[in-house]
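Work through the exercises below with the model open beside you. Try each task before you read its solution.

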Amino acid sequence: MGRIVILPPSVADQIAAGEVVERPASVVKELVENALDAGAREITVELQAGGAGLIRVTDDGVGMDDEDARLAVHRHATSKIRRAADLIGVGTYGFRGEALAAIAAVAQLELETAPAPGGEGTRVRVSGGELQEIEPVARTRGTTVTVRRLFFNVPARRKFLRSPRSETRAVLEAVTLLALTRLDVAFRVMNDGRRLLEVPRVASVGERVAGLFGRRLAQELIPVEGSAGGLSVRGFVQRPADARPTGRKAYFFVNGRPFRDPFLVRAAEAGYRATIAPGCRPTVLLALALPGDQVDVNVHPQKLEVRFRDRFLVERAVEEAVRSALHPLDAAAVLKPPSDAGRWGAPQPAPSAGPASTPWSALPRQPGTGGLAEDLFGERARGGLGSTGPAEPVQVFGTYIVYESSEGLTFVDQHSAHERVLYERAMQQLSGEGAAAQHLLLPITLDLEPAELEVVERHADLLRAVGFEGEPFGGRSVIIHAVPNPHPRFDAKRCFEELVADLARGRFGGWTNRLERFAATYACRAAIKAGQPLAVSEMRELLAQLMACELAPHDVHGRPTIVQLPRDELERRFGRA
Ligand code: ADP
Ligand code: MG
């Protein structure tokens, strides 16, 4: 080793820059955050060649006078804190005073800014950390930062830039994250003159989601609202019926800040358990709020990581919040969603600015298509779908129950619905109560395959819990003395045969839990079949039972039990709307 020297500032700055400036997306993030800190209402990001050629961020924020403009590009130059104590509860995105200096150290940076609409501004040019020139410039209030030839003096870094397409994608992702938390700001991203993202200022997350990802996804989302201890979970998740294996989006925020956490994605998916087909990946956008001492968001300023004091609590709260979002009928499949306004509610005043504010918590619960749900739940509250209930249900195609309410038409798949009812009932029976079995005057005797006999032995306790009582009867036979009675047309013999055959063949995989697997299999085999004619009273009974379920809108294999045709959709089609 040689003698110690103090590194020249240009070298030290280049090294420090590595912390902040990894790729075009990190430059964009810093510049857009500066614009937000400056109170911008409108921010435009322009790229050339995905940012390798040029990155330009323009805002209409407070701007800087010439003295500040000069200082801004120096290391540790910040207007956001004055002393260490200011760090506590700092309300701005930036405060280290490093970003502009770091970017200027590894690129050609041009800052144009003006503090007032008068037209007198300042232009500062820095290249590779060297101040090139400062001159007056005419411009309106606000700031434009242009970054050219990123990493021109750090070839090793430049080599690591990916294709323009993937750098552009990373930039879009960075802007999307900020746009999801700052509804009060309009964002635009262009690459090589093409507009890739443009969202106006909005009042609700729904409108922002529609602007960023399209109306279709926005309409597929249902609101989430839950809390546990000091933790609250709010946001939106995709209707189970709309979840697909690909193209999922997962966004998490904690106290207004985006972060990534595969375990929380998994926890949210666990909330969907059995309401979606295996392999489907629902979109989730969830904002957590919890006391500052419960979470450390400064693990690494560039990595979107946070550390929770009680991770288990957070995961459970997320799972449960998602689970309970699937409960209301609003979570049921919709044939064609109603108009956007109806779903997301009337525009509300924009929430106050500042990254510390979590606009999502300011949202009232979305009214959504609650009408249908309220009709039904309202009926339930009055004691079932009785005499005052919606118009008489009818059965169509021997399989679907259709009924009318003020909000539209509701279709219920009789088999799936009954399956849901029996599944939840079986889960209760298996975990304690047991079922009311019906003792048979004439016991049923069955001949089974060896694998099936083994299933009967292995599942004897579960079979008894749902109401099947029996015993081996020598050789390959079993004799059954008592059976469950899930509905008047129940065929106990057939159900038992199908059930043990399914269990022996391991059908309905995907269920990790033994009880759940058994309950789902039993429910499927015991439920009213498609094609079975039903009397009006039976339909009413089934509907009432369904509406009393925890997860009424979803069957146990990832399909809907209910599909809604909103009245306004019908009217739209007939040109009455
Ligand atoms: P930090 O954001 O941590 O303070 P930066 O290097 O990103 O550090 O910016 C340095 C300073 O330059 C900021 O504190 C702010 O005063 C000023 N500044 C940077 N960007 C803008 C902008 N877009 N509008 C107004 N002022 C800005
Ligand atoms: Mg900054």
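The exercises that follow concern a predicted model.

**Exercise 1. The overall fold**

Task: State how many helices and strands the protein has, and what share of its residues is buried.

Solution.
- Step 1. Count the elements. The protein has 19 helices and 23 strands.
- Step 2. Turn to burial. Of the 577 residues in the protein, 50% are buried.
- Step 3. Look at the surface. The accessible surface is about 27,100 Å², and carbon and sulfur atoms hold 52% of it.
- Step 4. Check the range of the contacts. Take contacts between residues at least 6 apart in sequence: 70% of them join residues at least 24 apart.

**Exercise 2. The ligand site**

Task: Find which residues lie closest to ligand 1, then list polar contacts to its oxygen atoms.

Solution.
- Step 1. Define the shell. Ligand 1 is surrounded by 19 residues, and the closest are Asn34, Thr78, Ser79, Lys80 and Gly97.
- Step 2. Sort the shell by type. It holds eight nonpolar, seven polar and four charged residues.
- Step 3. Search the side chains. Thr78 places a side-chain N or O atom 2.6 Å from an oxygen atom of ligand 1. For Asn34, a polar side-chain atom is 2.8 Å from a ligand 1 oxygen atom.
- Step 4. Search the backbone. A backbone N or O atom of Leu100 is 2.9 Å from an oxygen atom of ligand 1.
- Step 5. Judge the cover. On its own, ligand 1 has 530 Å² of accessible area, and the protein covers 93% of that.
- Step 6. Assign elements. Helix H2 (24–37) and helix H4 (99–105) are the elements that each give two or more residues to the shell.

**Exercise 3. The nonpolar cores**

Task: Identify the residues with the most contacts inside the largest nonpolar core, and the element that gives the most to this core.

Solution.
- Step 1. Recall the general trend. In soluble globular proteins, nonpolar side chains tend to be buried together.
- Step 2. Locate the core. The largest one has 67 residues, and Val147 and Phe187 have the most contacts inside it.
- Step 3. Find the main contributor. H6 gives the most, with eight residues.
- Step 4. Inspect Phe187. Beyond its neighbours within four places in sequence, its contacts include Val32, Leu36, Val175, Leu178 and Leu197.
- Step 5. Look for another core. A separate one has 33 residues, including Leu448, Val455, Phe518 and Ala519.

**Exercise 4. Three buried residues**

Task: Decide whether Asp184, Arg525 and Ser416 are buried or exposed, and describe their surroundings.

Solution.
- Step 1. Place Asp184. This residue sits in the loop between helix H6 (164–181) and strand E7 (186–191). Its relative accessible area is 4%, so Asp184 is buried.
- Step 2. Find the partners of Asp184. Its side chain makes a polar contact of 3.0 Å with the side chain of Arg182. Val202 is 18 residues away in sequence, yet the C-alpha atoms of Asp184 and Val202 are 6.1 Å apart.
- Step 3. Move to Arg525, in helix H17 (residues 514–526). Its relative accessibility is 18%, and the cut-off for buried is under 20%, so Arg525 counts as buried.
- Step 4. Find the partners of Arg525. Its side chain joins that of Asp502 through a polar contact of 2.6 Å. Leaving aside neighbours within four places in sequence, Arg525 also has contacts with Cys495, Glu498, Leu499 and Arg507, among others.
- Step 5. Finish with Ser416, in helix H13 (residues 414–433). Its relative accessible area is 3%, so Ser416 is buried. Not counting residues up to four places away in sequence, Ser416 touches Asp555, Pro560 and Thr561.

Conventions:
Residues numbered from 1 in each chain as written. Chains lettered and ligands numbered in written order. Predicted model: local features only at pLDDT ≥ 70, side-chain atom pairs only at ≥ 80, totals over all residues. Heavy atoms only, no water. Near = heavy atom within 4 Å. Polar contact = N/O pair within 3.5 Å; in protein donor to acceptor, adjacent residues only side chain to side chain. Areas by Shrake-Rupley, 256 points an atom, 1.4 Å probe, with all protein chains shown as cover. Helix = DSSP H or I, 4+ residues; strand = E, 2+ residues; numbered from the N terminus. Nonpolar A, V, L, I, M, F, W, Y, C, P; charged D, E, K, R; others polar. Buried < 20%, exposed > 50% of the residue type's maximum accessible area, 1.4 Å probe, protein only. Core = buried A, V, L, I, M, F, W, Y, C linked by side-chain atoms within 4.5 Å. Contact = heavy atoms within 4.5 Å.
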